[in-house]
Amino acid sequence: MWSPGREAQAPTGGDPAGLLPPEWEEDEERMSFLFSAFKRSREVNSTDWDSKMGFWAPLVLSHSRRQGVVRLRLRDLQEAFQRKGSVPLGLATVLQDLLRRGELQRESDFMASVDSSWISWGVGVFLLKPLKWTLSNMLGDNKVPAEEVLVAVELLKVVMQKAGPGWLQV
């Protein structure tokens with residue numbers, strides 16, 4: 001996962017620290033399923049969809065936490081979760097779902113919200129963001145580009161709390 005100054009340290013896959021679930025190395029059939037793409041719609045098979053999402057979403061967030069980075073890119077996650085030469089085909093869908101749930105936020109949206117007032121932030125969060133999400137899903141333009149930087153919102157809050165009130169002092 002990417003953060004300033006960590007470009008050269010991008011993960012190359014595998015699990016040298018033993019931080020991946022046991023099925024990663026032990027259950028070939030399950031991993032083949034988990035590495036396959038999501039169906040176009042959750043309604044096609046909600047059990048399969050939920051199973052994949054239940055595996056990948058927490059893994060993406062815990063990987064970010066373990067790496068100590070709040071900025072994520074699809075490309076870096078694909079590299080980090082490479083297994084036997086394959087990358088998970090559904091990671092973009094997982095990131096879209098995490099964006100929809102507010103657990104991730106596009107860096108550009110996050111930076112715009114930092115600079116805005118409470119009123120404009122509220123309008124953005126409660127009116128514009130849901131509207132944009134609805135329109136992008138209806139029009140089919142809801143892809144996450146491999147190079148787009150996303151922010152892990154909860155992890156950022158934890159980092160800011162640990163840093164204390166003077167974290168921004170120069």
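Here are four short exercises on helix packing and charged pairs, each with a worked solution.

This is a predicted model, in which local features need pLDDT of at least 70, side-chain atom pairs count only at pLDDT 80 or more, and totals for chains, interfaces and linings use all residues. Residues are numbered from 1 along each chain as its sequence is written, and side-chain values use heavy atoms, with hydrogens and water left out.

**Exercise 1. Work out how α3 and α5 pack, and which residues make the contact.**

Step 1: find the helices. Helices here are DSSP runs of H or I with at least four residues, strands are E runs of at least two, and both are numbered from the N terminus. Helix α5 covers residues 91–100, and α3 covers 46–67.

Step 2: get the geometry. Axes are lines fitted to C-alpha atoms, for helices over the stretch in contact, with angles from 0 to 180 degrees between N-to-C directions. The α3 and α5 axes sit 10 Å apart, at an angle of about 75°.

Step 3: put a word on it. Under 35 degrees is roughly parallel, over 145 roughly antiparallel, 65 to 115 roughly perpendicular, and the rest oblique. So α3 and α5 count as roughly perpendicular.

Step 4: list the contact (heavy atoms within 4.5 Å). From α3 come W49, M53, W56, A57, V60 and L61, and from α5 come L91, T93, V94, L95, D97 and L98. Sorted by type, that's 10 nonpolar, one polar and one charged. For the sorting, Ala, Val, Leu, Ile, Met, Phe, Trp, Tyr, Cys and Pro are nonpolar, Asp, Glu, Lys and Arg are charged, and the others, Gly among them, are polar.

Step 5: check the cover on α5. Buried means under 20% relative accessible area, exposed over 50%, and partly exposed in between (1.4 Å probe, protein chains only). Eight of the 10 residues of α5 are buried, including Q96 and L99.

**Exercise 2. Do the same for α2 and α3.**

Step 1: the two axes come within 10 Å and cross at roughly 95°, which makes α2 roughly perpendicular to α3.

Step 2: R30, M31, F33, L34 and F35 of α2 meet D48, S51, K52, F55 and W56 of α3. The split is six nonpolar, one polar and three charged.

**Exercise 3. Place N45 and find its side-chain partner.**

Step 1: N45 lies in the loop between α2 (28–35) and α3. N45 is partly exposed, at 29% relative accessibility.

Step 2: its side chain makes a polar contact with the side chain of D48 at 3.0 Å. A polar contact is a pair of N or O atoms within 3.5 Å; within protein, one must be able to donate a hydrogen and the other to accept it, and residues adjacent in sequence count only if both atoms are side-chain atoms.

**Exercise 4. Trace the salt-bridge network that includes R75.**

Step 1: a salt bridge puts a side-chain nitrogen of Lys or Arg within 4 Å of a carboxyl oxygen of Asp or Glu. The count comes to 14.

Step 2: R75 pairs with E147 at 3.4 Å, N to O. R75 is in helix α4 (residues 74–80) and E147 in the loop between α7 (118–139) and β3 (150–152), 72 residues apart. R75 is partly exposed at 27%, and E147 is partly exposed at 43%.

Step 3: bridges that share partners join R73, R75, D76, E79 and E147 into one network.

Step 4: D76 and R73 pair at 3.0 Å, N to O. D76 is buried at 1%, and R73 is buried at 7%.
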